[in-house]
Amino acid sequence: MIETENLTRKFGDLTAVDGVTLRIEEGEVFGFLGPNGAGKTTTVRMLCCLISKTSGTASIGGYEVGNGPDSLKIRKLIGFVPDSVGLYDELSAYDNLDFYGKLYDCTEAQRKENIERFLKLLGLWEKKDVAAGTFSKGMKQKLAVARSLIHDPKVLFMDEPTANLDPESAKTVRDFILDLKKEKRTIFLNTHNLDEAQRICDRIGILNTKLMAIGTPAELEGSTRGRKTVVQLEQVNDAILAALKKLPLGNMTVDGNKLTIDVTNPEKENATIVDAITRAGGRIQSVTVVGSSLEDAYLKLVREEK
Ligand SMILES: Nc1ncnc2c1ncn2[C@@H]1O[C@H](COP(=O)(O)OP(=O)(O)OP(=O)(O)O)[C@@H](O)[C@H]1O
Ligand SMILES: [Mg+2]
């Protein structure tokens with residue numbers, strides 16, 4: 001549905017996006033991660049035909065980005081939630097959406113149906129007659145999400161849609177993204193939230209001007225190690241330590257009654273650890289795994305030289 005080949009954008013001497021090649025299937029939720037200034041917004045703006053590309057090719061639904069007549073077709077096919085919201089402050093929530101619907105030549109019936117549906121889904125229906133300028137940041141953000149969908153686009157680009165949202169609203173938007181996926185829409189999501197990416201994305205790309213890695217969350221996690229299991233015991237003793245040392249485990253450190261053990265696959269190793277401690281007569285107060293493996297993969301990749 002979205003394809004790019006060596007997509008590049010320069011601003012003067014600065015290369016913001018360097019040779020990005022991607023292929024995103026219909027119905028896929030694709031997460032784009034990367035540090036500030038990595039080129040995520042620039043990539044999305046090129047794909048949405050808002051800025052020109054310097055070189056390379058890109059297409060959406062078979063239409064070519066950068067080709068005049070195709071750009072018009074692409075704009076009807078896509079919705080865009082920008083990182084800065086840009087609503088008409090003096091218009092009500094409802095009228096903002098109605099205005100955009102008209103811009104996209106939606107029929108009155110389609111506008112009515114979609115405005116009601118999306119405002120209700122995003123918890124803004126009761127505020128439909130209130131001027132958008134009085135909305136909080138998060139409410140504006142949700143209104144921008146509704147606006148991007150008013151013309152039923154098949155492909156949705158979202159640039160940090162949950163950045164300003166409280167945890168509950170962020171969950172509303174994430175659940176909403178998964179509903180859109182069920183409708184076979186393709187979603188391209190820029191985010192800094194690794195947990196969010198891990199939970200809702202089918203695949204993740206890590207950008208740092210260049211595309212550093214791409215894969216499913218599990219594939220990216222598999223590319224690094226670094227998780228630790230922390231076991232809090234009532235009382236550490238030599239029998240417990242001896243039992244653990246017999247196991248094929250990673251490095252272990254002991255701090256008072258707390259053990260920290262390097263693990264590669266805690267889902268399996270923790271059971272063995274708990275079993276050995278219990279057999280040695282130890283009493284466990286808690287077992288926790290620290291270090292998100294996607295976070296490790298991300299940090300490793302973005303620290304690599306560009
Ligand atoms: N219009 C512009 N003129 C000059 N430089 C620009 C322009 N737009 C973006 N840049 C530069 O391109 C680089 C990539 O910026 P971009 O906004 O794409 O990053 P980003 O990955 O979206 O970052 P963030 O996570 O902070 O949103 C930055 O160095 C930025 O300063
Ligand atoms: Mg950005």
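Colleague: How many of the residues of strand 3 (residues 29-33) are buried?

Modeller: Five of the five residues of strand 3 are buried, so the strand is largely enclosed by the rest of the structure. Buried stands for 20 or more other C-beta atoms within 10 Å of a residue's own, exposed for 12 or fewer, and partly exposed for what lies in between, with C-beta atoms placed from the backbone. This is a predicted model, in which local features need pLDDT of at least 70 and side-chain atom pairs count only at pLDDT 80 or more, whereas totals for chains, interfaces and linings use all residues. Residues are numbered from 1 along each chain as its sequence is written, while chains are lettered from A and ligands numbered from 1 in the order in which they are written.

Colleague: Which residues of strand 3 lie on which side?

Modeller: Val-29, Gly-31 and Leu-33 are on one side, with Phe-30 and Phe-32 on the other, and since all of these are buried, both faces of strand 3 are covered. In a regular strand, side chains alternate between the two sheet faces.

Colleague: What is the strand order in the sheet that holds strand 3?

Modeller: The order is 6-7-8-3-9-10, an open sheet of six strands with mixed pairing. The edge strands, each pairing on one side only, are strand 6 (78-81) and strand 10. On average, and with direction ignored, neighbouring strands of this sheet are turned by 15° against each other. Helix 11 (residues 293-303) packs on the sheet, where it touches strand 3, strand 9 and strand 10, and its direction makes about 30° with that of strand 9. Strands (E, at least two residues) and helices (H or I, at least four) are DSSP runs numbered from the N terminus, and strands pair if DSSP finds at least two bridges between them. Axes are lines fitted to C-alpha atoms, for helices over the stretch in contact, with angles from 0 to 180 degrees between N-to-C directions.

Colleague: And which residue stands opposite Val-29 in strand 8?

Modeller: Opposite Val-29 stands Ile-187, within a parallel pairing in which four bridges connect strand 3 with strand 8 (residues 186-190). Strand 3 also runs parallel to strand 9, again with four bridges; there Phe-30 stands opposite Arg-203, and Gly-31 has Ile-204 as its bridge partner.

Colleague: Where does Ile-204 pair in strand 10?

Modeller: The bridge partner of Ile-204 in strand 10 is Gly-215. Strand 9 (residues 203-208) and strand 10 (residues 210-215) are antiparallel, with five bridges. Their hairpin has one residue between the strands, and Thr-209 there takes a positive phi near 70°.

Colleague: Changing topic, which residues surround ligand 1?

Modeller: Phe-11, Leu-14, Ala-16, Gly-34, Asn-36, Gly-37, Ala-38, Gly-39, Lys-40, Thr-41 and Thr-42 surround ligand 1, where a residue is near a molecule or strand if its C-beta atom, placed from the backbone, lies within 6 Å of it. By class, this shell has four nonpolar, six polar and one charged residues. Nonpolar covers Ala, Val, Leu, Ile, Met, Phe, Trp, Tyr, Cys and Pro, charged covers Asp, Glu, Lys and Arg, and the others, Gly among them, are polar.

Colleague: Which element gives the most to that shell around ligand 1?

Modeller: Helix 1 gives the most, with three residues, while both strand 2 (14-24) and helix 1 (40-47) supply at least two residues each.

Colleague: Why is helix 1 largely enclosed by the rest of the structure?

Modeller: Helix 1 is largely enclosed because eight of its eight residues are buried, among them Lys-40, Arg-45 and Leu-47. Just after helix 1, Cys-49 takes a positive phi of about 65°.

Colleague: How is the chain divided into domains?

Modeller: Domain 1 spans 2-222 and domain 2 spans 227-290, with bounds from an automatic or database domain assignment. Their C-alpha centres lie 44 Å apart, and the C-alpha atoms of the chain fill a box of roughly 75 × 45 × 30 Å along the principal axes.

Colleague: What order do strands 11 to 14 take in their sheet?

Modeller: These four strands form an open, antiparallel sheet in the order 12-13-11-14. Strand 12 (252-255) and strand 14 (284-290) stand at the edges with a single partner strand each, so one side of each has no neighbour in the sheet. The twist averages 15° from one strand to the next. Strand 11 (residues 227-233) and strand 13 (residues 258-263) run antiparallel and are joined by six bridges, with Gln-232 opposite Lys-258.

Colleague: How many helices and strands does the chain have?

Modeller: The chain has eleven helices and 14 strands, and 38% of its 306 residues count as buried.

Terms used
Contact = placed C-beta atoms within 7 Å.
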